[in-house]
Amino acid sequence: MNFHVLTLFPEMINDGVNTSITGRAISKGLISVNAVNIRDFAGNKYGQVDDYPYGGGAGMVMQPGPVYRSYESIKEKIGYKPRVIYLTPQGKVFNQSMAEEFAEEKDLVFLCGHYEGIDERVLEMIVTDNVSIGDYVLTGGELPSMVMIDAISRLVPGVLNNDVSAEFESFNDNLLEYPQYTRPAEFMGKEVPPILLSGNHPKVDEWRRQQSILRTMERRPDLIKDANLTSADKKYIRSLEEND
Ligand code: 6GU
């Protein structure tokens, strides 16, 4: 899978993705991250890419020309019109289902805005998806694009060490993960839940499932309505409600 990031700060992208799991995925050739400097497509020799907003107001607006030409350079290279994701707090809030959908693409283009934004005309021409990573305001689209690259990359086959885990997670869709423990069996007087030391795998699985449900109800009750609950899960929830 190939990620192309149109940005005024390519070093920020390269520094962010070349480490850890995404870094290893790049070394293994499973993904590529191509940070394209929009300034390389400036219209004049001074490298200008922004200008004052028509109609007045604070700040600067990124000009359409450099953005359009940087997009065209990607389109020419890959030979087709890719999906173009504009990172904006005005977009649809990113979630795991969107990550799964984007992971199906061969190429994805991320367009990172800065200053007061990008001239609307070029957005109308090239953007296919407006995406936000949450309801707060950041200084630019670079961190959001790295967040999305991370979430999408780990769904690409081979990127995670344990190829079962991403699959298992989607099976567990919309429930939070159960708590994990490792050695020592006792830490500062706190014991690991005894069931985990029992060697009884069906019981361990049942306990973990119940912990996932309990956590989701306590921490993210909004997710329960979309969870894939079995009849055993519903029975467990009823037993919790009876003990209230
Ligand atoms: Cl995608 N961009 C910016 N600038 N701020 C954000 C965001 C994106 N998502 C949340 N806040």
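This passage describes the ligand site of a predicted model and the pocket that holds the ligand.

Residues are numbered from 1 along each chain as its sequence is written. In this predicted model, local features need pLDDT of at least 70, side-chain atom pairs count only at pLDDT 80 or more, and totals for chains, interfaces and linings use all residues, while side-chain values use heavy atoms, with hydrogens and water left out.

The shell around the ligand (residues with a heavy atom within 4 Å of it) includes L87, T88, P89, S132, I133 and Y136. By class, seven shell residues are nonpolar, four are polar and none is charged. The strand β5 (83-93) and the strand β7 (129-132) each supply at least two of them. β5 gives the most, with three residues.

Nitrogen atoms of the ligand make polar contacts (pairs of N or O atoms within 3.5 Å). A polar side-chain atom of S132 lies 3.3 Å from a ligand nitrogen. For a backbone N or O atom of I133, the distance is 3.0 Å. For a polar backbone atom of Y136, it is 2.5 Å. The protein covers 95% of the 290 Å² of accessible area (Shrake-Rupley method, 1.4 Å probe) that the ligand has on its own.

The ligand sits in the second largest pocket (more than half of its atoms lie within 2 Å of the pocket's grid points). A pocket is an open set of points on a 1 Å grid where a 1.4 Å probe fits, with protein on both sides within 12 Å along at least five of seven lines; lining residues have an atom within 4 Å of a point. Its lining counts 27 residues, with Y86, L87, T88, P89 and Q90 nearest the centre. The largest share, five residues, comes from β5.

Technical notes. A polar contact is a pair of N or O atoms within 3.5 Å; within protein, one must be able to donate a hydrogen and the other to accept it, and residues adjacent in sequence count only if both atoms are side-chain atoms. Helices (H or I, at least four residues) and strands (E, at least two) are DSSP runs, numbered from the N terminus. Ala, Val, Leu, Ile, Met, Phe, Trp, Tyr, Cys and Pro count as nonpolar, Asp, Glu, Lys and Arg as charged, and the others, Gly among them, as polar.
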